[in-house]
Amino acid sequence: MRGVPNVTRADAVAAVRNPLAFIAARWTPEPRTVRRAALAALVMSVVIVVTGGAVRLTGSGLGCPTWPQCTDDSLTTTSAMGVHGAIEFGNRMLTYVLCAAVGWAIVAARSQKPSRRVLTRLGWAQFWIVMGNAILGGVVVLVGLNPYTVAAHFLLSTALITVATLMWQRTREGDSAPRPLVGKAVQQLVWFLVVASVLLIALGTVVTGAGPHAGDSRDVKRIPIDWETVAKLHAVLAWIVVTLTFALWFVLKAVDAPTGPLHRTRDLFLILLGQGVIGYVQYFTHLPEVLVGLHMFGSCLVWIGVLRVLLSLRERPGVTAELPGPAAESALTAA
């Protein structure tokens with residue numbers, strides 16, 4: 001049995017001054033550990049969006065009527081606040097789980113050897129987005145669920161998903177300059193798809209801000225437009241995204257593109273079909289809460305799918321030494 005090394009006073013001082021450097025000097029994670037840490041941060045960034053949607057859909061947005069405390073006299077929810085207080089406070093607590101996942105990604109990236117600064121920077125970018133969104137979430141409560149702040153809260157969560165997806169992708173690549181796998185015309189088509197998807201998500205927040213699910217049973221301000229008209233415009237944009245995706249798949253087949261972009265485009269098309277079915281069903285069934293929640297989850301998957309299509313258009317040869325061999329990489333990609 002190997003003994004536990006003694007921690008000297010100098011070690012303790014170094015750990016306090018720079019805990020990340022202290023850990024990195026004593027631990028080298030395997031590449032798959034770094035990938036899993038990045039994936040955990042991405043999963044939690046989606047979970048926090050879904051649970052935030054559950055808060056709104058159950059009318060618990062003001063379950064804790066103030067911030068950063070739950071009430072003026074209590075940091076936590078009380079029994080008198082009922083289920084709405086528990087739901088809202090529970091979502092606040094999940095922020096700490098998200099912070100833990102992002103922190104784990106930062107520690108794993110910082111400890112990898114040789115050091116990959118890009119991964120550490122992406123991890124810290126997630127941390128600061130989480131902190132900013134936590135503050136914005138407090139503002140949302142303090143202004144009584146103003147729909148514009150709610151929309152900004154969701155869009156900042158989408159920014160977190162963007163950075164988390166990019167970090168997860170970079171853990172599976174090397175650090176050499178990217179090499180395009182498709183021509184300029186295909187790249188431009190994908191950027192049209194990205195822009196259309198951004199508009200689709202942004203318009204979705206307007207539908208939410210004008211729709212019937214205000215987030216609380218009290219009188220909550222709504223965006224003063226006809227939500228059904230905006231919902232129909234949202235559907236038109238969705239069809240544009242679907243059409244662009246199908247056109248991209250057709251073009252990639254025509255130019256005999258590598259399997260990576262083809263598979264990512266196929267995945268996105270299937271996600272869009274499922275999201276479209278949910279969208280139409282929820283519209284014609286008068287927006288039941290469960291379907292609206294599924295639609296929010298679907299919007300996260302759509303955006304991740306779009307980002308994966310964009311990132312699949314290039315490769316980074318010269319994979320670093322710690323990354324697994326071709327067989328392992330093929331198995332990971334297939335998964």
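The questions and answers below concern a predicted model of one protein chain.

Me: How many helices and strands are in the chain?
Reply: The model is predicted, and its elements can be read off in order. From the N terminus on, they run α-α-α-α-α-α-β-α-α-α-α-β-α. The count for the chain is 11 helices and two strands.

Me: What share of the residues of the chain counts as buried?
Reply: A residue is buried when its relative accessible area is under 20%. The chain has 335 residues, and the share of them that counts as buried is 45%.

Me: Among contacts between residues at least 6 apart in sequence, what share joins residues at least 24 apart?
Reply: A contact here is a pair of heavy atoms within 4.5 Å. Among contacts in the chain between residues at least 6 apart in sequence, the share that joins residues at least 24 apart is 78%.

Me: Which helix gives the most to the largest nonpolar core?
Reply: The largest nonpolar core has 68 residues, and Ile161 and Leu248 touch the most other members. Helices that each supply at least two residues include helix 3 (31-57), helix 6 (147-170), helix 8 (227-254) and helix 10 (289-311). With 11 residues, the helix that gives the most to this core is helix 7.

Me: Which residues is Leu248 in contact with, leaving aside its neighbours within four places in sequence?
Reply: Leu248 is one of the two residues that touch the most other members of the largest nonpolar core. It is also one of the buried residues of helix 8. Leaving aside neighbours within four places in sequence, the contacts of Leu248 are Val186, Leu189, Val190, Leu193, Thr265 and Val309.

Me: Which helices do the buried residues of helix 8 pack against?
Reply: Helix 8 has 28 residues and reaches 40 Å from its first C-alpha to its last, close to the 40 Å expected at 1.5 Å a residue. Its buried residues include Trp227, His234, Leu237, Thr245 and Leu252. The helices they pack against are helix 7, helix 9 and helix 10.

Me: Why does Thr245 count as buried?
Reply: Thr245 has its place in helix 8. Leaving aside neighbours within four places in sequence, Thr245 is in contact with Leu193, Thr265, Leu268, Phe269 and Leu272. Thr245 counts as buried because its relative accessible area is 0%.

Me: What phi does Asp256 take just after helix 8?
Reply: Most residues other than glycine have a negative phi. Just after helix 8, Asp256 has a positive phi, and the value is about 55°.

Me: Which elements give two or more residues to the lining of the largest cavity?
Reply: The structure holds one cavity of 30 Å³ or more, and about 30 Å³ of space lies in the largest cavity. The lining consists of Phe154, Thr158, Ile161, Ile201, Ser299, Cys300 and Trp303. By class, five of these are nonpolar, two are polar and none is charged. The elements that give two or more residues to this lining are helix 6 and helix 10.

Me: What is omega for the peptide bond from Trp67 to Pro68?
Reply: Most peptide bonds are trans. Pro68 has its place in the loop between helix 3 and helix 4. The bond from Trp67 to Pro68 is cis, with omega near 5°.

Me: Which residue does a cis peptide bond join to Lys113?
Reply: The residue in question lies in the loop between helix 4 and helix 5. Omega of the bond is about -5°, and the residue joined to Lys113 is Pro114.

Me: Is Leu145 buried or exposed?
Reply: Leu145 lies in the loop between helix 5 and helix 6. Its phi is near 60°, a positive value in a residue other than glycine. The relative accessible area of Leu145 is 7%, so it is buried.

Me: What is the relative accessibility of Leu287?
Reply: Leu287 is found in the loop between helix 9 and helix 10. Its phi is positive, about 55°, although it is not a glycine. Leu287 counts as buried because its relative accessibility is 11%.

Me: Which residues is Thr66 in contact with, leaving aside its neighbours within four places in sequence?
Reply: Thr66 is found in the loop between helix 3 and helix 4. Its relative accessible area is 17%, so Thr66 is buried. Leaving aside neighbours within four places in sequence, the contacts of Thr66 are Thr71, Asp72, Arg92, Val141 and Leu142.

Technical notes. Residues numbered from 1 in each chain as written. Predicted model: local features only at pLDDT ≥ 70, side-chain atom pairs only at ≥ 80, totals over all residues. Heavy atoms only, no water. Core = buried A, V, L, I, M, F, W, Y, C linked by side-chain atoms within 4.5 Å. Buried < 20%, exposed > 50% of the residue type's maximum accessible area, 1.4 Å probe, protein only. Helix = DSSP H or I, 4+ residues; strand = E, 2+ residues; numbered from the N terminus. Expected span 1.5 Å × (residues − 1). 1 Å grid on protein atoms, 1.4 Å probe; cavity = no way out; pocket = protein on both sides within 12 Å on 5 of 7 lines; lining within 4 Å. Points joined across faces, edges and corners; volume = space filled by probe spheres on them. Nonpolar A, V, L, I, M, F, W, Y, C, P; charged D, E, K, R; others polar.
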